[in-house]
Amino acid sequence: MRKMTQANLEAAFAGESQAHMKYLIFADQAEQEGYPEVARLFRAISFAEQVHATNHLRELGGIGDTVASLETAIRGENHENTEMYPAFNAVAELQEEKGAMRSIRYALEAEKIHEAMYGEAKQMVAVDSDIKSAPVFICPICGHTVIGEAPDKCPICGAKKEKFRQF
Ligand SMILES: [Fe+2]
Ligand SMILES: [Fe+2]
């Protein structure tokens, strides 16, 4: 692919990805404010943005098999928890940005776990095996991630067991 087209598709992928995420978040907000039909519109269009992002990523050659996907995920999570978030946290501390420090800490703690989980999954898929069947629980406050059973209390943010969302 020619360089400028590649750069354009990369920018388009980033933009569509952000729109997808924002629309999902806005849908939850609209729901809470009592506008379920606006929430529906946000969720539907967020899916259209996912379709666009998928097409751009495919054209960029960014979609491989599951081992390749897990390797990409491991690299991303590792970058976030060893370089990006520690550096961001240092700046937030320096600037006494309390809210940013909390959102960065929540993400940093979860990304470490995500990297480990993806690493274990990669070992299984590398020998043609799926990971063992178990529910995955996510803390809706901080994103803490647990396979199997939700803890009584989130060890990162203190949220109660019932709050965890099951996948
Ligand atoms: Fe993560
Ligand atoms: Fe939590």
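Q: Which element holds Ala116?
A: The model is predicted: local features need pLDDT of at least 70, side-chain atom pairs count only at pLDDT 80 or more, and totals for chains, interfaces and linings use all residues, while side-chain values use heavy atoms, without hydrogens and water. Residues are numbered from 1 along each chain as its sequence is written, and chains are lettered from A and ligands numbered from 1 in the order in which they are written. Helices (H or I, at least four residues) and strands (E, at least two) are DSSP runs, numbered from the N terminus. On that numbering, the place of Ala116 is in helix 4.

Q: Is Ala116 buried, partly exposed or exposed?
A: Buried means under 20% relative accessible area, exposed over 50%, and partly exposed in between, with a 1.4 Å probe and protein chains only. The relative accessible area of Ala116 is 42%, so this residue counts as partly exposed.

Q: What distance separates the C-alpha atoms of Ala116 and Ala44?
A: Along the chain, Ala116 and Ala44 are 72 residues apart. In space, their C-alpha atoms are separated by 33 Å.

Q: In what order do the elements of the chain run?
A: The secondary structure comes to 4 helices and 3 strands. From the N terminus on, the order is α-α-α-α-β-β-β.

Q: What percentage of the residues of the chain count as buried?
A: The C-alpha atoms fill a box of roughly 50 × 45 × 40 Å along the principal axes. The chain has 167 residues, and the part that counts as buried is 23%.

Q: Which residues coordinate the iron ion (ligand 1)?
A: Donors are N, O and S atoms within 2.8 Å of the metal (3.2 Å for Na, K and Ca); water is not among the atoms, so sites may look incomplete. The donor residues have the spacing E-x33-E-x2-H. At 1.8 to 2.6 Å, two OE donor entries come from one glutamate, one OE from another and ND1 from a histidine: Glu77, Glu111 and His114.

Q: Why is the arrangement around the iron ion (ligand 1) called what it is, and what is it called?
A: Four donors count as tetrahedral if all angles lie between 85 and 135 degrees; four count as square planar and six as octahedral if opposite donors are over 155 degrees apart and all others between 65 and 115; anything else is irregular. Here the 4 donor atoms subtend angles of 54 to 132 degrees, so the arrangement is irregular.

Q: In which helix do Glu111 and His114 both lie?
A: Both Glu111 and His114 are buried. They are 3 residues apart, about one turn of the helix, and the element that holds them, residues 98-126, is helix 4.

Q: What geometry does the site of the iron ion (ligand 2) have?
A: The SG atoms of Cys139, Cys142, Cys154 and Cys157 coordinate this ion at 2.3 Å. The 4 donor atoms make angles of 98 to 119 degrees, and the site is tetrahedral.

Q: How many residues apart are Cys139 and Cys157, two donors of the iron ion (ligand 2)?
A: The donors of this ion follow the spacing C-x2-C-x11-C-x2-C. The pair links distant parts of the chain, with Cys139 in the loop between strand 1 (136-138) and strand 2 (145-147) and Cys157 in the loop between strand 2 and strand 3 (165-166). Cys139 is buried at 2% relative accessible area, whereas Cys157 is partly exposed at 25%. Their separation along the chain is 18 residues.

Q: How many disulfides does a search of the whole structure find?
A: A disulfide is a pair of cysteine sulfur atoms within 2.5 Å. The search of the whole structure gives a count of 0.

Q: In which loop is Glu96 found?
A: Glu96 has phi near 55 degrees, a positive value in a residue other than glycine. Glu96 is exposed, at 64% relative accessibility. Its loop is the one between helix 3 (66-94) and helix 4.

Q: Which helices does the salt bridge of Glu71 and Lys122 link?
A: A salt bridge is a side-chain nitrogen of Lys or Arg within 4 Å of a carboxyl oxygen of Asp or Glu. The closest N and O atoms of Glu71 and Lys122 are 3.4 Å apart. The pair, 51 residues apart, links helix 3 and helix 4.

Q: Which residue forms a salt bridge with Glu37?
A: Glu37 is partly exposed, with a relative accessible area of 49%. Its partner lies 3 residues away in helix 2 (residues 36-59). With the closest N and O atoms 2.6 Å apart, that partner is Arg40.
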